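Student: I should like a close look at a single part of this model, set in the context of the whole chain. Please give one connected account.

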Amino acid sequence: MLNFPWPDAAAHLMGGNDAPELRGVAKFYQKPNGVLISVHVCGLPDRDGSGFFAFHIHEGSGCGGENFSETGSHYNPLGEPHPNHAGDLPPLLSCRGEAFASFMTGRFRLKEVIGRTLVIHGGPDDFHTQPAGNAGTKIACGVIRSTRCANCR
């Protein structure tokens with residue numbers, strides 16, 4: 001296991017009605033050249049057999065509403081086509097319901113996504129259908145929150 005320092009932010013992912021057992025955490029680390037994201041989830045459903053699940057940052061600030069409707073659309077401050085949204089992330093690959101991934105992105109600074117939502121979709125991202133990759137329903141959500149407090153530094 002990689003020994004990462006304390007993350008700068010985290011999102012605790014909880015499944016909705018379509019995946020009630022899904023739980024996980026994504027940790028965010030601001031680095032000089034981008035943001036390192038490390039995610040571990042369990043309870044991914046066995047849907048289409050591919051094992052791939054689309055994974056995106058959305059513009060909303062909450063996980064409420066039916067099928068996480070408060071998450072809104074993909075985080076896309078520059079108005080780019082999919083899959084060039086700032087919030088388009090690599091897919092998760094399930095291994096018997098569990099997934100772990102770590103990757104870097106230079107599409108945003110961490111301070112730009114604090115308070116936004118992190119979403120797992122019920123299917124794979126096709127990387128071309130507009131506006132969101134035909135990734136299916138939102139099956140899990142978490143709000144990206146800073147782990148740093150003003151009094152702790």
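Tutor: Leaving aside its neighbours within four places in sequence, Ile57 is in contact with Phe28, His74, Tyr75, Gly87, Leu89, Phe108, Val113, Arg116, Thr117, Leu118 and Ile144. The model is a predicted one, and these contacts are computed from it. Ile57 also appears among the residues with the most contacts inside the largest nonpolar core, together with Phe28, Val41, Phe55, Leu92, Leu118 and Ile120. Two of these, Phe28 and Leu118, are named in the contact list of Ile57 itself.

That core has 30 residues. At least two of its residues come from each of the following elements: strand 1, strand 2 (23–31), strand 3 (34–42), strand 5 (55–58), strand 7 (98–105), helix 1 (110–113), strand 8 (117–121) and strand 9 (138–143). Strand 3 supplies the largest share, four residues.

Ala10 offers a second view of the packing, from strand 1 (residues 9–15). Ala10 has a relative accessible area of 11% and is therefore buried, the cut-off being under 20%. Beyond four places in sequence, Ala10 touches Val25, Ala26, Lys27 and Phe28, and also Val143, Ile144, Arg145 and Thr147. Phe28 and Ile144 are likewise contacts of Ile57. From Ala10 to Ile114 the C-alpha distance is 9.0 Å, although 104 residues separate the two in sequence.

His74, another contact of Ile57, leads to His82, since His74 is also in contact with His82. His82 is found in the loop between strand 5 and strand 6 (92–93). With a relative accessible area of 3%, His82 is buried despite its place in a loop. The side chain of His82 makes a polar contact of 3.0 Å with the side chain of Asp88. Apart from neighbours within four places in sequence, the contacts of His82 include His56, Asp125, Phe127 and His128; Thr129, Gln130, Pro131, Ala132 and Gly133 are also among them.

The loop between strand 5 and strand 6 holds one end of a covalent link as well. The structure has one disulfide, which joins Cys63 to Cys141 with an S to S distance of 1.9 Å. Cys63 lies in that loop and Cys141 in strand 9, 78 residues apart, and the pair thus links distant parts of the chain. The torsion about the S-S bond is about -70°, so the disulfide is left-handed. Its two ends differ in exposure: Cys63 is partly exposed at 23% relative accessibility, whereas Cys141 is buried at 3%. Cys42 is in no disulfide, and the nearest cysteine sulfur, that of Cys95, is 11 Å away. Cys42 counts as partly exposed at 35% relative accessibility. Cys95, also in no disulfide, is partly exposed at 47%.

Turning to the chain as a whole, there are one helix and ten strands, in the order β-β-β-β-β-β-β-α-β-β-β. The radius of gyration is 15 Å, close to the 15 Å that the globule rule gives for 153 residues, so the chain is as compact as a globular protein of that length. The C-alpha trace spans about 45 × 35 × 30 Å along its principal axes. Of the 153 residues, 45% count as buried. Among contacts with a separation of 6 or more, 65% are between residues 24 or more positions apart. The accessible surface comes to about 8100 Å², with 52% of it belonging to carbon and sulfur atoms.

Key
Residues are numbered from 1 along each chain as its sequence is written. This is a predicted model: local features need pLDDT of at least 70, side-chain atom pairs count only at pLDDT 80 or more; totals for chains, interfaces and linings use all residues. Side-chain values use heavy atoms; hydrogens and water are left out. Buried means under 20% relative accessible area, exposed over 50%, partly exposed in between (1.4 Å probe, protein chains only). Contact means heavy atoms within 4.5 Å. A nonpolar core is a set of buried Ala, Val, Leu, Ile, Met, Phe, Trp, Tyr and Cys residues joined through side-chain atoms within 4.5 Å. A polar contact is a pair of N or O atoms within 3.5 Å; within protein, one must be able to donate a hydrogen and the other to accept it, and residues adjacent in sequence count only if both atoms are side-chain atoms. The radius of gyration is taken over C-alpha atoms; the globule rule is 2.2 Å times the number of residues to the power 0.38. Accessible areas come from the Shrake-Rupley method with a 1.4 Å probe; for residues, only the protein chains shown count as cover. A disulfide is a pair of cysteine sulfur atoms within 2.5 Å.
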